[in-house]
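Visitor: I am new here and would love a friendly tour. Could you show me what we are looking at?

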Amino acid sequence: MEILVFDISGSLAHFKKYYATTSALSYSIPPKTSLYGLIGAILGLSKADNAYLQHFQDKSCLIGLKLLRAPASQRIGINLRPDRGRYKENPKPTIHEFVREPHYRIFFYHRDAEIQRQLEKALISHTCVFTPSMGLANLLCNFEWVGKCNAERQSTPQPVWVDSVLPMSQFLSFGEMNDAEIAEQTMFAIEMNTERIVTERDDILFERRGAPVNVVLTHYFSTEKHGNIALF
């Protein structure tokens, strides 16, 4: 199958961990559901009644993700202004965690050839209908076309080098570790219905510096230009 490859970057990103309560902690990498919103913004898919999510149901879209920069976090106290009619005291800053200078490579496949074609056209021309963002509306996102390539699904009991993040649902074991720095993001949002209810979560493994990881997976996709990747 043919996949599109493009990079996204920005000054700051915030992908809120849904279980964080007293402070707004961020995932180091964008959840798949956040990328649905970013891609929907580029294409101009309607956000009214969450209509854009209709285009990403039933596993019609597969996405892979590679870190191009080691994630670094920055915590900032932000004043959330209270309702002055109810609260007389000054607002207290709430700690928000941000990913500083995020830079990721996205591997994209959609079952709908028209969506695939429209996204390719927008990426090549560097145009978008709505402004894409890195999790929050004021955290602007830049994107850059890399190219497209063929990806073939593979399966082997032997370890292979995989150059993307790894969903735990596809992970079986590690192979050669060397000096790999493995990190994990738990309870990661994978799929969401049209009522914005997350219907699937998974844990994600990744090498903090973006280096390939030697692993055994249930399956992976081989490409001629970007090595082996995991799509989910």
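Visitor: Is M187 buried, partly exposed or exposed, and what is its relative accessible area?
Guide: This is a predicted model, where local features need pLDDT of at least 70, side-chain atom pairs count only at pLDDT 80 or more, and totals for chains, interfaces and linings use all residues. Residues are numbered from 1 along each chain as its sequence is written, and side-chain values use heavy atoms, with hydrogens and water left out. Buried means under 20% relative accessible area and exposed over 50%, with partly exposed in between (1.4 Å probe, protein chains only). M187 is partly exposed, because its relative accessible area is 35%.

Visitor: Which rings form a stacked pair, and how far apart are their centres?
Guide: Rings of Phe, Tyr and Trp (its six-membered ring) pair if their centres lie within 6.5 Å; planes under 30 degrees apart count as stacked, over 60 as edge-to-face and the rest as tilted. The structure holds 3 aromatic pairs. In one of them the planes are at 15 degrees, so the pair is stacked: Y36 and F56, with centres 4.4 Å apart.

Visitor: Is F56 buried or exposed?
Guide: Its partner Y36 has a relative accessible area of 0% and is buried. F56 has 1% relative accessibility, so F56 counts as buried.

Visitor: How many disulfides are there?
Guide: A disulfide is a pair of cysteine sulfur atoms within 2.5 Å. The sulfur of C61 has its closest cysteine sulfur in C149, 15 Å away, which is too far for a bond. For C141 the closest is in C128, and 9.2 Å is also too far for a bond. The count of disulfides comes to 0.

Visitor: K66 and D163 meet in a salt bridge, but how many residues apart in sequence are the parts that the pair ties together?
Guide: A salt bridge is a side-chain nitrogen of Lys or Arg within 4 Å of a carboxyl oxygen of Asp or Glu. The side chains of K66 and D163 meet at 2.9 Å, N to O. K66 lies in strand β3 and D163 in the loop between β8 and β9 (strands are DSSP runs of E, at least two residues, numbered from the N terminus), so the parts tied together are 97 residues apart.

Visitor: R75 forms a salt bridge with E97; which of the two counts as buried?
Guide: The closest N and O atoms of this pair are 3.4 Å apart. R75 counts as exposed because its relative accessibility is 55%. At 10% relative accessibility, the buried one is E97.

Definitions and conventions:
Helices (H or I, at least four residues) and strands (E, at least two) are DSSP runs, numbered from the N terminus.
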